[in-house]
Amino acid sequence: MREPKITSVNDQGDALLGGARKIILRSKETAGDIYLVEGIMPEGSVVPVHIHQHEDEIFHVLEGEVQLVLGEEVRVGKAGDIIYLPRGIKHGIQTHGQQTARVLNYVIPGKNFEDFFEEMNLLGPNASKSQKAELATKYGIRFL
């Protein structure tokens, strides 16, 4: 049975991953349905354009601005904006401007994506592009 959970985004909660991600809700707390993380994106932060085969994502911009690739479009998301990304659409995100952005990232379903990040962390910062690409492929993610 799934239990309700209350978490404040401002709580320290779980450790930051690589100084840029804070886990708010693990997929095991939702029977694999949702994985929720806060992305802390200093100026110059980039998540490369990619496609998910298995997950939908929702970005909720809390602070700052982000530039998003959404299919063939490029848009700027500002504080308060909510962006829905269905599986199968190419997308990427990076900071826009000279300030840190904070973004809540909901991943639905969450289990596969959370497992991907855990394995990516195990590879470490010196992993080759081919190692990262192989791992992404295992989880139905393709970097473009």
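Here are a few exercises with worked solutions on a predicted model of a protein chain.

**Exercise 1: Get your bearings**

Work out how many helices and strands the chain has, and in what order they come.

*Solution.* Start with the tally: 2 helices and 11 strands. Next, walk along the sequence, and you'll read β-β-β-β-β-β-β-β-β-β-α-α-β. Now look at how the chain packs against itself. Take the contacts with a separation of 6 or more; residues 24 or more positions apart account for 64% of them. Last, check the surface. Of the 144 residues, 37% are buried, and the chain exposes about 8400 Å², with carbon and sulfur atoms supplying 54% of that area.

**Exercise 2: A salt bridge across the chain**

Find what Glu 114 pairs with, and say whether Glu 114 itself is buried or exposed.

*Solution.* Step one is the partner: the side chain of Glu 114 forms a salt bridge with that of Arg 26, at 3.0 Å from N to O. Step two is to place both ends. Glu 114 sits in helix H1 (residues 111–123), while Arg 26 lies in the loop between strand E2 (21–25) and strand E3 (35–41), so the bridge ties together distant parts of the chain, 88 residues apart. Step three is accessibility. The cut-off for buried is under 20% relative accessible area, and Glu 114 comes in at 4%, so Glu 114 counts as buried. Arg 26, at 22%, counts as partly exposed.

**Exercise 3: A salt bridge inside one helix**

Explain why Lys 111 and Asp 115 are separated by about one helical turn, then see which residues join into a salt-bridge network.

*Solution.* First, the pair: the side chains of Lys 111 and Asp 115 meet in a salt bridge, 2.7 Å from N to O. Then count along helix H1: these two residues are 4 apart in the helix, so about one helical turn separates them. Lys 111 is partly exposed, at 45% relative accessibility. For the network, look for salt bridges that share partners; Arg 26, Glu 114 and Glu 118 are joined into one this way. If you want to tally every salt bridge in the model, you should land on 9.

**Exercise 4: What's around Lys 90?**

Say where Lys 90 sits, which residue it forms a salt bridge with, and which residues it touches.

*Solution.* Begin with location: Lys 90 is in the loop between E8 and E9. Its relative accessible area is 26%, so Lys 90 is partly exposed. Now the salt bridge: the partner is Glu 72, with the closest N and O atoms 3.4 Å apart. Glu 72 is in the loop between strand E6 (65–70) and strand E7 (73–78), 18 residues from Lys 90, and the pair links distant parts of the chain. Unlike its partly exposed partner, Glu 72 counts as exposed at 73%. Finally, leave out residues up to four places away in sequence and list the contacts: Val 49, His 50, Ile 51, Val 69, Leu 70, Gly 71, Glu 72 and Leu 144. Take Val 49 as a check: Val 49 is 41 residues from Lys 90 in sequence, yet their C-alpha atoms are 6.4 Å apart.

**Exercise 5: Map the largest pocket**

Find the volume of the largest pocket, the residues closest to its centre and the make-up of its lining.

*Solution.* The volume is about 1000 Å³. There are 33 lining residues, and those closest to the centre are Arg 21, Val 46, Val 47, Pro 48 and Phe 117. Next, ask which elements give two or more residues to the lining: they are E3, strand E4 (46–52), strand E5 (56–63), E9, strand E10 (101–108), H1, helix H2 (129–138) and strand E11 (141–143). Sorted by type, the lining has 20 nonpolar, 9 polar and 4 charged residues.

**Exercise 6: Backbone and loop spots**

Locate the cis peptide bond, then place Ala 31 and Gly 97.

*Solution.* Scan omega first: the bond from Ile 108 to Pro 109 is cis, with omega near -15°. Pro 109 belongs to the loop between E10 and H1. Then check phi: Ala 31 has a positive value, near 55°, although this residue is not a glycine. Ala 31 is in the loop between E2 and E3 and counts as exposed at 58% relative accessibility. Gly 97 is in the loop between E9 and E10 and is partly exposed, at 47%. Its C-alpha is 9.1 Å from that of Gln 67, 30 residues away in sequence.

Note on methods
Residues are numbered from 1 along each chain as its sequence is written. This is a predicted model: local features need pLDDT of at least 70, side-chain atom pairs count only at pLDDT 80 or more; totals for chains, interfaces and linings use all residues. Side-chain values use heavy atoms; hydrogens and water are left out. Buried means under 20% relative accessible area, exposed over 50%, partly exposed in between (1.4 Å probe, protein chains only). Contact means heavy atoms within 4.5 Å. Accessible areas come from the Shrake-Rupley method with a 1.4 Å probe; for residues, only the protein chains shown count as cover. A salt bridge is a side-chain nitrogen of Lys or Arg within 4 Å of a carboxyl oxygen of Asp or Glu. On a 1 Å grid over the protein atoms alone, a cavity is a set of points where a 1.4 Å probe fits but cannot get out, and a pocket is an open set with protein on both sides within 12 Å along at least five of seven lines; lining residues have an atom within 4 Å of a point. Grid points are joined across faces, edges and corners, and a volume is the space filled by probe spheres set on the points. Ala, Val, Leu, Ile, Met, Phe, Trp, Tyr, Cys and Pro count as nonpolar, Asp, Glu, Lys and Arg as charged, and the others, Gly among them, as polar.
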